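Reader: Please go through this structure with me and give the cut-off behind each term. I will ask how each label was reached.

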Amino acid sequence: MSDIPLYSLPEEHQAVREAVRAICDAKIAPHAAEVDEQARYPQEAHDALLATDFFAPHVPEQYGGVGADALATVIVIEEVARADVSASLIPAVNKLGSLPVQIGGSEELKQKYLGALARGEGCFSYCLSEPDAGSDAANQKTKAERSGDGWLLNGTKRWITNAGVSEFYTVLAMTDPEKRSKGISAFVVEKSDEGVSFGAPEKKLGIKGSPTREVYLDNVHIPADRIIGDEGQGFEIAMKTLDHTRITIAAQAVGVAQGALDYALDYAKEREQFGRPIADQQGLQFLLADMGMKVEAARQLTYAAAGKSERGDKDLTFFGAAAKCFASDVAMEVTVNAVQVLGGYGYTRDYPVERMMRDAKITQIYEGTNQVQRIVMARQLLAGIQSNI
Ligand code: COS
């Protein structure tokens, strides 16, 4: 038998949590309300994450990164989201944007772009969605055509997280419309490439500190070696990427739910009504108990999925979708209930739980709506791909 404690978080992962929480308490949480109120990029969080190697922790050591495994990366994102969901999109989207390169890119592309990301030269965004390609991701209208010794890209990408801030973009584009998903290819585009521009920031319900903009590609000419993998491999790479990164959305959901629960618990112990703390009321205790139970169940599923991501298990697709779907539904329920615990105060911007409630909502939508996650899960189950736990 191994001497690793059975079914518990390894010590080094617990140490990662403590380190990130300390940074969040000191440098990220104090700015979260203002970032939301002003809908501004959380530059303090960006700088703090960069200074402590939590900016893009997933980048392997061979490309100059710190090589955090999938579970450690999840813990980083969870802890940042507990303080500020907008800020947690920095490490999360850096993984989403760059993972296609890590999964399918040539060695030269990996050295160049994963290296630049590890050095903090810029954030990395992921450009799959378009005005007519949301859930139907294969319906790509952006085109890439061979031109001289490279590629010419034209089209509009929509809902792009950290657009304008990021220096690097993975862009999915149609190279052969006849072949639908098999005619899609992936490319690296840089913000400084001629013909790249951005729309106005979307006015959103939550995650206001993370800019969401359209990306316009107007005759953008890029060198041939910027293709990720082979021509026609883009959709498969995009879907494989999401298998891994949906777990990071689950992590955001667990983090924001934990943040709301922690705040509600402290409040319930202090707030007095009928001559005693409201925490003494059994009705409220039942609510808090359900919140705690569901956050823990979401966390366990998320960590199990992270293990599968790290090992590349064959049931990863199911687990990535299940963790994202379950944890985001929990986040929505728990944050709404945290507002309920605080009553009228919870409904004001003087307390953080209404921000957490607004921020939680997006986790049910992005990286595939929870309806899409159920399609993905059902297909896996019907194909007979069962958990190998
Ligand atoms: N890993 C590897 N390959 C995959 C894959 C995965 N997880 N998922 C799909 N593929 C492959 C399929 O195997 C298929 O190839 P074959 O024809 O050789 O079998 C090909 O990709 C097309 O897949 P499929 O037929 O399932 O495509 P659909 O058009 O039916 O789309 C969904 C499937 C709905 C699951 C997909 O479009 C999707 O995930 N949509 C949501 C997109 C999303 O998350 N957007 C958010 C963007 S980031 S904010």
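Author: Contact means heavy atoms within 4.5 Å. The model is predicted, so to speak of a local feature requires pLDDT of at least 70 and a side-chain atom pair requires 80 or more, whereas totals for chains, interfaces and linings use all residues. Residues are numbered from 1 along each chain as its sequence is written, and side-chain values use heavy atoms, with hydrogens and water left out.

Reader: Which residues does Arg17 touch, leaving aside those up to four places away in sequence?

Author: Arg17 touches Leu9, Ile75, Glu78, Glu79, Arg299 and Tyr303. Arg17 itself lies in helix H1.

Reader: Why is Arg17 called buried?

Author: Buried means under 20% relative accessible area, exposed means over 50%, and partly exposed is in between (1.4 Å probe, protein chains only). Arg17 has 18% relative accessibility, so it counts as buried.

Reader: What makes a stretch a helix or a strand here, and how many of each are there?

Author: Both are DSSP runs numbered from the N terminus: H or I over at least four residues for a helix, E over at least two for a strand. On that basis the protein has ten helices and ten strands.

Reader: How do you know how compact the protein is for its length?

Author: The radius of gyration is taken over C-alpha atoms, and the globule rule is 2.2 Å times the number of residues to the power 0.38. For 389 residues the rule gives 21 Å and the radius of the protein is 21 Å, so it is as compact as a globular protein of that length. The C-alpha trace spans about 80 × 55 × 35 Å along its principal axes, and 55% of the 389 residues count as buried.

Reader: What share of the contacts between residues at least 6 apart in sequence joins residues at least 24 apart?

Author: That share is 75%.

Reader: Is Ala87 buried or exposed, and what makes it so?

Author: Its relative accessible area is 0%, so Ala87 is buried. Ala87 sits in helix H4 (residues 85–104). Not counting residues up to four places away in sequence, it touches Ile28, Pro42, Ala45, Leu49 and Val80.

Reader: Which residues of helix H2 are buried, and what do they pack against?

Author: In H2 (residues 43–51) the buried residues are Ala45, His46, Ala48 and Leu49. They pack against helix H1 (11–38), helix H3 (70–83) and H4.

Reader: What sets Asp53, just after H2, apart in its backbone?

Author: Asp53 has a positive phi of about 65° although it is not a glycine. Asp53 is in the loop between H2 and H3. With a relative accessible area of 45%, which falls between the two limits, it is called partly exposed.

Reader: Why is Phe274 called exposed?

Author: Its relative accessible area is 77%, which is over 50%, so Phe274 is exposed. Phe274 is in the loop between strand S9 (272–273) and strand S10 (276–277). Its phi is near 55°, a positive value in a residue other than glycine.

Reader: Val59 is in a loop as well, between H2 and H3. Why is it called buried?

Author: Val59 has 0% relative accessibility and therefore counts as buried. Residues up to four places away aside, Val59 touches Gly65, Val66, Gly67, Leu114, Leu117 and Ala118.

Reader: What makes Ala137 buried?

Author: Its relative accessible area of 8% is under the 20% limit, so Ala137 is buried. Ala137 is found in the loop between strand S1 (124–127) and strand S2 (143–147). With residues up to four places away left out, Ala137 touches Leu128, Phe235 and Met239.

Reader: How many disulfides does the whole structure hold, and how do you know?

Author: A disulfide is a pair of cysteine sulfur atoms within 2.5 Å, and the search of the whole structure finds zero. For Cys123, the nearest cysteine sulfur is that of Cys127, 13 Å away, so Cys123 fails the cut-off and is in no disulfide. At 1% relative accessibility Cys123 counts as buried, and Cys325 is buried with 4%.

Reader: How far apart are the mean positions of the positive and negative charges?

Author: They are 5 Å apart, for 40 positive and 54 negative charges. Lys and Arg count as positive, Asp and Glu as negative, while His and the chain ends are not counted. Each charge is placed at NZ of Lys, CZ of Arg, CG of Asp or CD of Glu.
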